Amino acid sequence: IYRDIEALSAAGVPVMAERGVGGGCSLLAEYRTNLTGLTVPEIQAIFLTSPTHLLADLGLRQASEAAFIKLLAALPAINRRGAEYVRQRILIDTTGWHRSEEHAACLPVLQEAIWQERKIIFTYLRSDAVIIERAADPIGLVAKGSAWYLIAVVEGELRNYRASRIQAARLTDELCQRPPDFDLVAYWEQSSSNFVANLPRYPVIVRATPDALPRMRYALQYARVQQTDAPDDAGWSRLTINFENEREACATILGFGPEVEVIEPAELREQVIAMARKVVELYQMQKIQEERATAP
């Protein structure tokens with residue numbers, strides 16, 4: 001009992017002890033606790049996190065808004081004003097400017113299977129355009145940006161499936177087998193790390209003008225700058241960039257025109273030159289055709 005009293009006191013609860021006959025332990029009469037003992041930073045954190053588009057995907061947007069209203073009403077007046085103050089001054093938008101909408105028609109079925117812990121059978125469109133059928137134990141759903149992924153056990157192995165590629169899915173009456181001590185957060189972090197580590201690597205060395213250098217960092221969506229050297233006497237900087245493949249590297253570098261020059265590899269340099277010539281030939285041919293069409 002004394003240890004509990006000390007713990008309450010350490011947590012800021014005013015416990016009073018009175019010795020002698022009729023004594024005991026009690027709280028101050030005027031003491032009132034906040035809702036569940038939430039602190040101001042905890043309240044701010046709760047009212048800042050609201051990924052509405054993901055909740056809408058799960059059919060929980062209205063439930064989330066209702067829960068926030070109830071929580072706001074249950075807070076003490078002073079904290080209620082603070083929560084509303086935060087919501088009107090800080091907004092967290094988890095979508096990117098180049099967000100691509102993905103329609104996961106089977107998401108409600110996948111969600112139901114996970115809640116009920118039932119096996120599913122689904123058809124899946126692979127990246128090579130081949131449609132396959134799989135029987136799986138659904139383990140969890142993960143939202144990466146605006147894309148949903150199904151984590152499932154298939155043939156004894158944990159696998160990830162993009163929900164938008166699932167063509168059809170149906171529940172079975174059989175209960176799924178969840179791996180013991182499975183941690184969804186830890187699994188996804190490891191899976192993401194493995195995915196990034198195994199991405200194709202196509203290293204390229206280029207020279208860029210001072211004007212192109214800051215724009216490159218925004219344009220390289222799927223590439224990573226590994227090294228940037230100091231500018232030379234002409235102001236050009238030498239960069240080492242890891243692209244996913246040669247095609248991506250060529251298209252990206254061509255977009256900068258004469259502001260970026262390929263140094264290595266030689267085959268990419270030749271490909272950029274060839275593509276640039278084709279672009280010039282295309283516009284020259286169109287210009288000739290237009291002149292002929294307008295000639296008297």
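Let me start with a term: a residue is buried when its relative accessible area is under 20%, exposed when it's over 50%, and partly exposed in between, using a 1.4 Å probe and protein chains only. By that rule Cys-250, at 4% relative accessibility, counts as buried. Cys-106 is buried too, with a relative accessible area of 8%.

While we're on cysteines: how many disulfides does a search of the whole structure find? Zero, taking a disulfide as a pair of cysteine sulfur atoms within 2.5 Å.

Now, what are we looking at? This is a predicted model, so to speak about local features we need pLDDT of at least 70, side-chain atom pairs count only at pLDDT 80 or more, and totals for chains, interfaces and linings use all residues. Residues are numbered from 1 along each chain as its sequence is written, and side-chain values use heavy atoms, with hydrogens and water left out.

On confidence, pLDDT is the predictor's own score for each residue, from 0 to 100. The protein averages 83, and 88% of the residues score at least 70. Among the elements, strand β3 (residues 118–125) has the highest mean pLDDT, 94, and helix α5 (residues 77–87) the lowest, 69.

Overall, there are 10 helices and 11 strands. Those are DSSP runs numbered from the N terminus: H or I over at least four residues for helices, E over at least two for strands. Of the 296 residues, 28% are buried. The accessible surface comes to about 20,500 Å², with 54% of that belonging to carbon and sulfur atoms; the areas come from the Shrake-Rupley method with a 1.4 Å probe, and for residues only the protein chains shown count as cover. A contact means heavy atoms within 4.5 Å, and among contacts between residues at least 6 apart in sequence, 59% join residues at least 24 apart.

On to the sheets. Two strands pair here if DSSP finds at least two bridges between them. One open sheet has five strands in the order β6-β5-β4-β3-β7, with antiparallel pairing. Its edge strands, each pairing on one side only, are β6 (157–162) and β7 (166–175). Neighbouring strands in this sheet are turned by 45° against each other on average, ignoring direction. Inside it, β4 (residues 131–144) and β5 (residues 147–154) run antiparallel and are joined by seven bridges; Ala-143, for one, has Trp-148 in β5 as its bridge partner. Helix α6 (residues 107–116) lies across β3, β4, β5 and β7, at about 20° to β7. For these angles, axes are lines fitted to C-alpha atoms, for helices over the stretch in contact, and the values run from 0 to 180 degrees between N-to-C directions.

The other sheet I want to show is open as well: four strands, ordered β9-β10-β8-β11, antiparallel. β9 (224–228) and β11 (260–264) are the edge strands, each pairing on one side only. Here the average turn between neighbours is 35°, direction ignored. Strand β8 (residues 202–208) pairs with β10 over seven antiparallel bridges, and Tyr-202 has Phe-243 in β10 as its bridge partner. Helix α10 (residues 266–294) lies across β8 and β11, running at about 145° to β11.

Last stop, Ser-237: buried or exposed? It's in strand β10 (residues 237–243), and Ser-237 counts as buried because its relative accessible area is 3%. Leaving out residues up to four places away in sequence, Ser-237 touches Val-206, Arg-207, Ala-208, Leu-213, Asp-229 and Pro-231.
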